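Biologist: Let us go through the contacts and the cores. I will ask for the grounds behind each label.

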Amino acid sequence: MTALTRRRPVNQPPPLFRLLREQVSAKRWYIHILLWIAVLFMGFPLFYAALVSTQNNAQMFRLQLFPGDSFNINLQTVLDRQIARLLFNTFAVATMVTLGKVVLSVFSGMALVYFRFPGKSLVFGFILAALMVPGEVTIIALFRLVALELGWGNTWTALVVPAVASPTGVFLFRQHFASITPELSEAAQLDGANPLQFLLRVLLPLSRNTVTALVVIMFIAAWNSYLWPLLIVTNPDLQVIQVGLSTLDDGVEIGRTYGPIMLGAVIASIPPIIIFVLMQKQFLQGFALTRHK
Amino acid sequence: MPAVLFTCLASGLGALVVGALLRRSGSGLLGGMALGAIAGLLGSLAAMIPLKYCVLDPENHMFFELSILGQTITVNAVALIGFLLVMVVAWAFALAIDRLRHHWLARSATIWKADTAPGTFVGYDFSPWIFLAPTVVGLAVFTYYPAAQNFFLGTQLARRGVANTAFNCLDNFASLITSRLQDAHYYILSDGFIWHAENARYLAVFGNSVFFSVFIVLVANVLGIAIAVLASQKIRGATIYRTLMIWPYAVSGVVVGVVFAVLLGGGGSGFLNQSLRFLGFEPIPFLSDPWWARVSVVAAAAWNKLGFNVLIYIAALQAVPRELMEAASIDGANAWKRFLNVTIPMISPYIFFVVFLNLNYSFFDLYAVIDNLTEGGPVNATTNLVVDVIRIGVESRDIGKAAAQSIVLFIVVIGLTYMQFRVMGRRVTYGAD
């Protein structure tokens with residue numbers, strides 16, 4: 001019924017198609033129901049975590065499906081266990097990694113598009129081939145290099161510096177710059193701009209979407225990284241939230257107290273989820289080429 | 001003397017194999033044999049000189065028992081791996097020489113001559129190198145150097161925290177196939193139909209990786225496409241539904257592991273089991289039974305990836321032209337037939353893209369999920385390749401053996417990438433680009 005009273009679209013389809021579409025629209029209520037089932041299915045794990053974060057162990061093991069009374073206690077536990085410190089560390093490290101990746105990728109992309117030099121395609125191949133090597137493959141040797149040969153164990157340098165060179169970023173910016181008409185840089189050169197001026201005044205304003213895409217992908221990846229900080233940082237004052245999560249236990253009860261850990265899990269998930277949901281369009285654009293490096 | 005003999009043997013074998021292969025593909029027999037002989041010569045030298053021909057020394061040999069169809073034979077693991085190594089390196093040489101022969105003239109002209117694209121800055125010979133230096137140096141030091149270091153460490157007896165290492169031939173690799181299972185019951189592929197169960201420890205870990213990959217890809221893609229088809233219908237609130245479904249992508253593996261541990265385990269009485277008990281069913285040993293533990297890992301990881309898949313598939317479905325669907329309806333295709341014969345072929349490039357991303361994820365990025373959900377257990381039932389590398393390299397402090405395993409991982413990556421290029425290279429759709 002609603003389909004008949006709805007205002008007609010501008011491109012009015014021929015009668016036969018209209019009939020077909022109305023047939024489809026009559027069934028739509030069950031699409032809504034299926035979608036709600038999917039939404040609940042997807043949302044349930046984190047929803048349950050949020051629920052447990054307000055409960056103590058007894059309430060959780062009773063299968064209580066409404067909020068308990070322990071949220072304040074859990075929050076206090078989590079704060080006592082330095083969650084603010086962990087979150088700040090994660091934010092600082094993820095920001096530095098993301099910033100480094102964007103800056104280095106912009107410069108490399110620029111060098112690969114706006115300059116002529118011998119061996120250009122070799123350099124590009126060298127950068128691109130690194131996409132093929134996932135961090136997990138080199139992690140043992142990298143650990144040996146960073147901890148033993150460079151002596152960076154238990155520093156943020158170890159978390160940031162090995163991560164800032166990004167083949168994905170270079171590829172993203174190279175493709176983006178190559179899609180910008182060369183007349184722009186010719187005009188800039190005629191006006192006497194040097195490469196840096198061209199980059200700051202012309203290229204960056206045109207690259208807002210690409211920068212956002214890279215920031216979203218890289219920030220989420222850096223915020224969520226676990227294995228490398230777990231290996232290289234043992235000092236709790238420098239640790240990141242993903243590794244620190246399991247230390248949010250209250251340490252009083254025997255066995256785990258789940259409330260504080262779930263609260264920590266929820267808090268740790270909020271920043272990346274917000275960024276991802278708000279920036280989904282740019283994220284999608286940036287994901288033409290991936291492997292989060 | 002055995003070294004010379006060995007090199008000659010490799011050349012001869014290379015000549016035979018490559019010669020036969022090229023002959024079948026229609027090229028000249030003599031040329032193929034020459035190419036194979038050169039590749040075998042170079043390959044055996046390149047593989048064996050760094051190893052100082054230690055494979056030929058009986059002192060280094062390690063043996064294991066292989067049972068095929070009830071017949072038990074004793075195999076020399078070091079010799080087997082040495083042989084495979086020479087074959088692989090020689091094969092790489094053969095491919096490289098063939099490439100160079102075909103393209104050398106054309107490529108040498110383009111590699112070193114700067115391209116003449118319009119819009120490049122003139123008179124700045126030095127600045128591109130300054131712009132590129134941090135990235136190139138960063139990758140060289142923190143990606144390529146450790147990758148190369150793996151090959152060195154793989155042949156060493158190296159302990160974590162100790163600077164000195166000692167050469168131990170191919171022992172680290174051989175021990176992958178000779179090390180024994182503690183408890184065969186906890187492994188996949190250990191019932192002896194391929195390998196003798198007692199020798200299958202690493203194969204079992206490999207089996208776990210394959211199991212995870214296959215089922216994560218299957219679940220996350222079937223559900224992903226189904227949900228995306230629903231969510232991309234023209235209905236009110238489509239964007240809200242989409243937003244409510246894609247966010248799990250941003251949840252970290254640690255959070256996924258910790259939350260699913262509470263749902264499935266939680267000190268023996270997680271949410272699901274309490275619900276089952278409440279409904280009058282027997283509880284399921286989600287994290288303590290080897291097979292259920294594997295299923296739990298697959299469920300958690302697939303949940304984590306589902307949001308991303310849904311996002312990509314919605315974008316893919318929106319790119320399918322409406323006219324095609326309408327034309328198919330006029331031809332009398334029902335919804336299911338339209339889906340199979342129009343939608344799936346049209347979105348197939350996206351399917352391959354997502355499948356390969358999911359494959360890479362489930363081979364290499366599961367550590368956080370597994371470590372927080374099952375810790376690789378019970379016993380080693382959910383230990384996959386990456387978890388095993390960390391267990392051996394960090395917890396058991398055996399860097400050499402972990403490096404050898406990393407090289408196996410590296411071979412898997414190369415295989416996956418090669419497959420990706422092969423599949424993506426073909427045209428997988430009709431009409432769309």
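Modeller: This is a predicted model. Leaving aside neighbours within four places in sequence, Phe177(A) touches Val106(A), Gly109(A), Met110(A), Val113(A), Tyr114(A), Leu203(A) and Ser207(A).

Biologist: What makes Leu203(A) a contact of Phe177(A)?

Modeller: Contact requires heavy atoms within 4.5 Å. Phe177(A) and Leu203(A) are in contact, so they have heavy atoms within that cut-off.

Biologist: Which residues touch the most other members of the largest nonpolar core?

Modeller: Met110(A), Tyr114(A), Phe177(A), Met245(B) and Phe364(B) do, in a core of 177 residues. Helix α10 of chain B, residues 290–318, gives the most to this core, with 14 residues. Apart from it lies another core, of 20 residues, including Tyr53(B) and Phe173(B).

Biologist: Why is Phe177(A) called buried?

Modeller: Phe177(A) is a member of the largest nonpolar core. Members of such a core must be buried, and buried means under 20% relative accessible area. Therefore Phe177(A) falls under 20%.

Biologist: How many residues of each chain are in contact across the interface?

Modeller: 103 of chain A meet 106 of chain B. The two chains bury about 9700 Å² between them, 75% of it on carbon and sulfur atoms. Helix α3 of chain A, residues 28–52, supplies the largest share of the chain A side, 16 residues. By class, that side has 77 nonpolar, 15 polar and 11 charged residues.

Biologist: How many salt bridges does the rule find between chain A and chain B?

Modeller: The count is 0 across this interface. A salt bridge needs a side-chain nitrogen of Lys or Arg within 4 Å of a carboxyl oxygen of Asp or Glu, so no pair across the interface meets that rule. Polar contacts are found there, in 15 residue pairs with both residues at pLDDT 80 or more.

Technical notes: Residues are numbered from 1 along each chain as its sequence is written. Chains are lettered from A and ligands numbered from 1 in the order in which they are written. This is a predicted model: local features need pLDDT of at least 70, side-chain atom pairs count only at pLDDT 80 or more; totals for chains, interfaces and linings use all residues. Side-chain values use heavy atoms; hydrogens and water are left out. Buried area is the accessible area (1.4 Å probe) that two parts lose on being put together, summed over both. A polar contact is a pair of N or O atoms within 3.5 Å; within protein, one must be able to donate a hydrogen and the other to accept it, and residues adjacent in sequence count only if both atoms are side-chain atoms. Helices (H or I, at least four residues) and strands (E, at least two) are DSSP runs, numbered from the N terminus. Ala, Val, Leu, Ile, Met, Phe, Trp, Tyr, Cys and Pro count as nonpolar, Asp, Glu, Lys and Arg as charged, and the others, Gly among them, as polar. A nonpolar core is a set of buried Ala, Val, Leu, Ile, Met, Phe, Trp, Tyr and Cys residues joined through side-chain atoms within 4.5 Å. Buried means under 20% relative accessible area, exposed over 50%, partly exposed in between (1.4 Å probe, protein chains only).
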